[in-house]
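Open the model in your viewer and keep the sequence panel beside it. We will walk from stop to stop, choosing something to select each time.

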Amino acid sequence: LLSLLDQYETQLFRGKPSDFGEDRHLTILMLKAGFRTEYVPEAVAATVVPDSLQAYLRQQLRWARSTFRDTLLALRLLPSLDRYLTLDVIGQNLGPLLLAIAVLAGLAELVLTNNAPWPTATIIAAMTVIRCAVIAFRAHQLRFLGFAVHTFINIFLLLPLKGYALCTLS
């Protein structure tokens, strides 16, 4: 950590100081330096949890900007990473895009044909179940299957927020 401290403390994005997503940025610096990261299911962490919708959305906006920004910074690292981690990074960026396209296609079908978009809903449900199942399998914890409930929050709150984050990265 000490060997990376200067880079960590002087984090820049597009030439401007950047102080969000520091955990992700530190991870990228460590991977670039040849260190490894590892999931430790026994680890215990404390955090401040948002206690209102407004605070939650501010947190999610910071996290979305961090995800997009740090993915750009780490693109050259992807081929050298663990396959699952590479898939997860790609999924964190392409997943919202694919979900947005699916939602828009479903809305278009509903408006244009006055039919319920069951194929689109089925695709969204399948994407959700597959992603949750992969996470549950990797973590060896079935509780991650419950994350499927988050899909509704994702569609109605977080997708628009992620679009805004992408447009306001700087």
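What follows is a short tour of this predicted model, from the whole chain down to single residues.

**Stop 1: the whole chain**

Begin with the cartoon view of the protein chain. You should find 6 helices and 2 strands. Trace the chain along its sequence and the pattern reads α-β-β-α-α-α-α-α. Taken along the principal axes, the C-alpha atoms fill a box of roughly 60 × 40 × 35 Å. Of the 170 residues in the chain, 31% are buried. If you look at contacts with a separation of 6 or more, 64% of them are between residues 24 or more positions apart.

**Stop 2: the annotated spans**

Now select residues 93–112, 118–137 and 144–165. An unreviewed UniProt entry lists these under "transmembrane region". How much of residues 93–112 is helix, and how much is strand? The span is 100% helix and 0% strand, and its end C-alpha atoms are 29 Å apart. Move on to residues 118–137, where the figures are 100% helix and 0% strand, with 28 Å between the end C-alpha atoms.

**Stop 3: helix 4 and its kink**

Select residues 83–113, which form helix 4. Where does this helix kink? Look at L94: a kink of about 35° lies there, shortly before the proline P96. P96 is also one of the buried residues of helix 4, along with T86, D88, V89, N93, L99, A102 and G106. Show the neighbours too, and you will see what these buried residues pack against: helix 3 (53–74), helix 5 (118–139) and helix 6 (150–167).

**Stop 4: two residues with positive phi**

Step past the end of helix 4 and select N114. It sits in the loop between helix 4 and helix 5. What is notable about the phi of N114? The angle is positive, about 60°, although N114 is not a glycine. Most residues other than glycine have a negative phi. N114 counts as exposed, because its relative accessibility is 66% and the cut-off for exposed is over 50%.

Next, select H140, in the loop between helix 5 and helix 6. Its phi is positive as well, near 60°. With a relative accessibility of 69%, H140 is exposed.

**Stop 5: F144 and its neighbours**

Stay in the loop between helix 5 and helix 6 and select F144. Is F144 buried, exposed or partly exposed? Its 24% relative accessibility makes it partly exposed, because that value falls between the 20% limit for buried and the 50% limit for exposed. Leaving out residues up to four places away in sequence, F144 touches Y39, C132, I135, A136 and A139. Try a distance label between F144 and C132: they are 12 residues apart in sequence, and their C-alpha atoms are 6.0 Å apart in space.

**Stop 6: cysteines**

While C132 is on screen, compare it with C167. C132 is buried, at 2% relative accessibility, whereas C167 is exposed, at 70%. How many disulfides does the structure hold? The count is 0.

**Stop 7: nonpolar cores**

Select F13, L61, A64, F68, L158, L161, A165 and L169. These 8 residues form the largest nonpolar core. Helix 3 and helix 6 each supply at least two of its residues. Focus on L158 for a moment: not counting residues up to four places away in sequence, it touches Y56, L57, Q60, H150 and I153. Apart from this core lies another, of 7 residues, including I28, L31, L77 and V89. You have already met V89 among the buried residues of helix 4.

**Stop 8: salt bridges**

Finish with charged side chains. The structure holds 2 salt bridges. For one, select R36 and E38, whose side chains meet at 2.5 Å, N to O. R36 is exposed, at 69% relative accessible area, and E38 is exposed too, at 60%. For the other, select R69 and D70. Their closest N and O atoms are 3.1 Å apart. Are R69 and D70 buried or exposed? Both are buried, so switch between the two pairs to see a salt bridge in each setting.

Technical notes. Residues numbered from 1 in each chain as written. Predicted model: local features only at pLDDT ≥ 70, side-chain atom pairs only at ≥ 80, totals over all residues. Heavy atoms only, no water. Disulfide = S-S within 2.5 Å. Buried < 20%, exposed > 50% of the residue type's maximum accessible area, 1.4 Å probe, protein only. Salt bridge = Lys/Arg side-chain N within 4 Å of Asp/Glu carboxyl O. UniProt positions renumbered as here; feature names shortened; annotations may be inferred. Helix = DSSP H or I, 4+ residues; strand = E, 2+ residues; numbered from the N terminus. Bend = angle between axes of the 7 residues up to and from the residue. Contact = heavy atoms within 4.5 Å. Core = buried A, V, L, I, M, F, W, Y, C linked by side-chain atoms within 4.5 Å.
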